Amino acid sequence: AYRADEEYDYLFKVVLIGDAGVGKTNLLSRFARDEFSFETKSTIGVEFATRTIHVDGKLIKAQIWDTAGQDLMCLRRYRAITSAYYRGSVGALVVFDLSRRVTFENTARWLQELRSHTDPNIVVMLVGNKADLRHIRAVSVEEAQAFARKEKAFFTETSALESINVADAFTGVLTQIYHVVG
Ligand code: GDP
């Protein structure tokens with residue numbers, strides 16, 4: 001049956017967090033528009049994109065928020081922005097760069113900030129991005145998995161560049177949210 005674009009059964013807000021340069025914007029553009037960019041963005045602020053998916057015969061509209069150009073950590077002094085960013089979110093992708101170990105270590109801080117602003121039931125997916133950079137991998141699957149388990153988060157590896165697992169990462173979070181709230 002035909003359904004108009006604006007029709008949906010559920011609207012879920014999902015936030016992207018993680019250090020600058022890990023690939024958040026490209027994960028989002030890959031998922032929302034199947035686009036990738038080799039350039040680092042220069043806009044400052046917060047933006048979001050939407051995509052609607054089917055889960056169990058329901059139409060789920062995902063509103064995915066990304067901090068454009070600047071680290072949310074840098075925006076922290078603006079408490080209102082930080083709060084607005086997290087407000088109402090029911091899922092989060094905590095992204096790190098598999099080739100830069102420090103970005104994995106910093107996910108602990110991102111998780112802390114996330115937890116301090118959101119409901120304890122929020123669905124969290126730890127995402128190791130840039131899986132295509134196999135030759136310079138700096139975090140093992142086992143280590144990332146163990147950390148995710150400890151944090152009660154899901155874990156997946158993606159490549160926005162090679163379009164590996166990107167849709168699965170987002171739909172995985174959305175499906176879990178649906179099971180929690182639906
Ligand atoms: P953000 O600051 O976390 O939003 O990161 P961006 O999406 O702006 O990406 C930062 C840089 O990493 C850009 O030069 C991208 O082209 C690059 N990048 C993003 N995803 C991938 C990926 O999966 N593999 C590789 N090799 N590079 C990526």
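Reader: Which residues in helix H7 do Leu27, Arg30 and Phe31 of helix H1 meet?
Author: This is a predicted model, in which local features need pLDDT of at least 70, side-chain atom pairs count only at pLDDT 80 or more, and totals for chains, interfaces and linings use all residues. Residues are numbered from 1 along each chain as its sequence is written. With contact taken as C-beta atoms, placed from the backbone, within 7 Å, and helices as DSSP runs of H or I with at least four residues, numbered from the N terminus, the H7 residues met by Leu27, Arg30 and Phe31 are Val166, Ala167 and Phe170.

Reader: How many residues of this contact of H1 with H7 are nonpolar, polar or charged?
Author: Asp, Glu, Lys and Arg count as charged, Ala, Val, Leu, Ile, Met, Phe, Trp, Tyr, Cys and Pro as nonpolar, and the others, Gly among them, as polar. The contact divides into five nonpolar, no polar and one charged.

Reader: How are H1 and H7 oriented to each other?
Author: Axes are lines fitted to C-alpha atoms over the stretch in contact, and angles run from 0 to 180 degrees between N-to-C directions. H1 (residues 24-33) and H7 (residues 166-181) pack at about 85°, with axes 9 Å apart. Because 65 to 115 degrees is the range for this class, the two helices are roughly perpendicular.

Reader: Which helix gives the most to the shell around the ligand?
Author: Of the 18 residues around the ligand (C-beta atom, placed from the backbone, within 6 Å), Gly23, Lys24, Thr25, Asn26 and Leu161 come nearest. The shell divides into six nonpolar, eight polar and four charged residues. With three residues, the helix that gives the most is H1.

Methods:
Angles under 35 degrees count as roughly parallel, over 145 as roughly antiparallel, 65 to 115 as roughly perpendicular and the rest as oblique. Two residues are in contact if their C-beta atoms, placed from the backbone, lie within 7 Å.
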